[in-house]
Amino acid sequence: MSEIESAPPGVDPTVPSPARLYDYFLGGTHNFQADRDLAEQLRARIPDFADAVLANRGFHVRAAAWIASQGISQFLDLGSGLPTANNTHETVQALNPDAKVVYVDNDPIVGAHASALLAANKSTALVVADMRDPVTVLASPVLRDTIDLHAPVGLLMSAVLHFIPDDGDPWGLVARYVAAVAPGSYLAVSHGTLDRMPPDQIQAGRDGYARSSANVYMRPEADIARFFDGLEMQPPRPDAEPELTYVGLWGAEDVEAADSDGSRGLYCGVARKP
Ligand SMILES: C[S@@+](CC[C@H](N)C(=O)[O-])C[C@H]1O[C@@H](n2cnc3c(N)ncnc32)[C@H](O)[C@@H]1O
């Protein structure tokens, strides 16, 4: 059977998807030739693209672990992507074996590959849904059976909000999820930015994603900071002030080494709901 014939139901292997591109850059195998071709074109025209992906995933893992270290034992990971090494439930359940994780993603490739990984783990579940529909996501029986929304939750939204255009009101959407969780919950967001990107690379990114199943809507720092309105921003490192920072720098042990050009492709922050 060819690679294309083996595509799970609902997956169009001829059109690259953000989840599969991301998986490829992380060294995963849940991708097709069309994804690999576009990924390599992006890498050729945006040399720091792969570094940005790795820096973002590093932030996601460190932020989840830090939130768990604050005593949070349930997580809602929106736009979770494919389960790869170091995924959220492995990270937080290594710190607290009783931690619960619900993944949400709208790409059918995630559902196709997650079921085997999650079957043996009763504390972890996947909802295949569009996060732009918070009513459906939050009412999901799978979510309600796994997470108690009356207790604090770690809301993780890494590298996903830049797939939602301004007219989809991503700020209002984040506020809906924050409103649904208990005080003492945490919000972690990372989000792509063009603030430091040369114009030819901006165009390369636009051209590339125009060929995929989703457009990207990178934002300046001030627009990304607005996702945390009304929340208590946390310091990215024990010696730092509470602030938005670049993904490599959040929780970095060696700030100088982590301050790469790829890291500067995404801002991030973690904040607490008072
Ligand atoms: C770049 S990956 C990020 C994965 C992971 N959050 C991380 O940062 O390591 C973006 C993921 O968001 C998912 N996604 C994009 N738009 C979405 C939406 N409206 N609802 C749910 N998932 C979405 C994609 O399918 C993809 O898996």
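Student: Which elements make a right-handed β-α-β unit with helix α5 (residues 108-119)?

Tutor: The two strands are β2 and β3, with α5 as the helix of the unit. Keep in mind throughout that this is a predicted model. The word right-handed is used because, with the strands pointing away from the viewer, the path from the first strand over the helix to the second runs clockwise.

Student: How do you know that β2 and β3 pair?

Tutor: Two strands pair if there are at least two bridges between them. Strand β2 (residues 100-105) and strand β3 (residues 124-128) are joined by five bridges and run parallel, so they meet the condition for pairing. At one position, V101 stands opposite T124 in β3.

Student: Why is A125 called buried?

Tutor: A125 is found in strand β3. Buried means under 20% relative accessible area. A125 has 11% relative accessibility, so A125 counts as buried.

Student: How far is A125 from N215 in space?

Tutor: From C-alpha to C-alpha the two are 27 Å apart, with their positions 90 residues apart in sequence.

Student: What makes A94 exposed rather than buried?

Tutor: A94 sits in helix α4 (residues 88-95). The cut-off for exposed is over 50% relative accessible area. A94 has 65%, and therefore A94 is exposed.

Student: Which category does A159 belong to, buried or exposed?

Tutor: A159 has a relative accessible area of 16%, which is under 20%, so A159 is buried. This residue is found in the loop between β4 and α8. The C-alpha atoms of A94 and A159 are separated by 23 Å, and the two residues are 65 apart along the chain.

Student: What is the phi value of A159?

Tutor: Phi of A159 is near 50°, a positive value in a residue other than glycine. Most residues other than glycine have a negative phi. D169 also has a phi near 50°, again positive in a residue other than glycine.

Student: Why is D169 called partly exposed?

Tutor: D169 lies in the loop between β4 and α8. Partly exposed is the range between the buried limit of 20% and the exposed limit of 50%. D169 has 39% relative accessibility, so D169 counts as partly exposed.

Student: Which strand pairs with β4 in the parallel sense?

Tutor: Strand β4 (residues 154-158) pairs with β5 in that sense, over five bridges. The bridge partner of L156 in β5 is A188. β4, helix α8 (residues 170-180) and β5 make a right-handed β-α-β unit.

Student: How do you know that β5 also pairs with β8?

Tutor: Seven bridges link β5 and strand β8 (residues 266-272) in the antiparallel sense. Pairing needs at least two bridges, so the two strands qualify. V189 stands opposite G269 in β8.

Student: What makes β5 mostly covered?

Tutor: Strand β5 (residues 186-192) has seven of its seven residues buried. Y186, A188, S190 and G192 point one way, L187, V189 and H191 point the other way, and all are buried. In a regular strand the side chains alternate between the two faces of the sheet.

Student: Why is R219 called buried?

Tutor: R219 has a relative accessible area of 2%, under the 20% limit, so R219 is buried. Its place is in the loop between α9 (199-210) and α10 (221-225).

Student: What does the side chain of R219 reach?

Tutor: The side chain of R219 reaches the backbone oxygen of I164 at 2.6 Å. A polar contact is a pair of N or O atoms within 3.5 Å.

Student: Which residues are closest to the ligand?

Tutor: The closest are Y22, R57, G79, D105 and D130, among 18 residues that surround the ligand. α1 (18-25) and α3 (49-69) each supply at least two residues of the shell. The shell divides into seven nonpolar, six polar and five charged residues.

Student: What makes the pair between D105 and the ligand a polar contact?

Tutor: A polar side-chain atom of D105 lies 2.6 Å from an oxygen atom of the ligand. The limit is 3.5 Å, so the pair counts. An N or O atom in the side chain of N56 is 2.9 Å from an oxygen atom of the ligand, and a polar backbone atom of G81 is 3.4 Å from a ligand oxygen atom. The protein covers 96% of the 600 Å² of accessible area that the ligand has on its own.

How values were computed
Residues numbered from 1 in each chain as written. Predicted model: local features only at pLDDT ≥ 70, side-chain atom pairs only at ≥ 80, totals over all residues. Heavy atoms only, no water. Buried < 20%, exposed > 50% of the residue type's maximum accessible area, 1.4 Å probe, protein only. Helix = DSSP H or I, 4+ residues; strand = E, 2+ residues; numbered from the N terminus. Near = heavy atom within 4 Å. Polar contact = N/O pair within 3.5 Å; in protein donor to acceptor, adjacent residues only side chain to side chain. Areas by Shrake-Rupley, 256 points an atom, 1.4 Å probe, with all protein chains shown as cover. Nonpolar A, V, L, I, M, F, W, Y, C, P; charged D, E, K, R; others polar.
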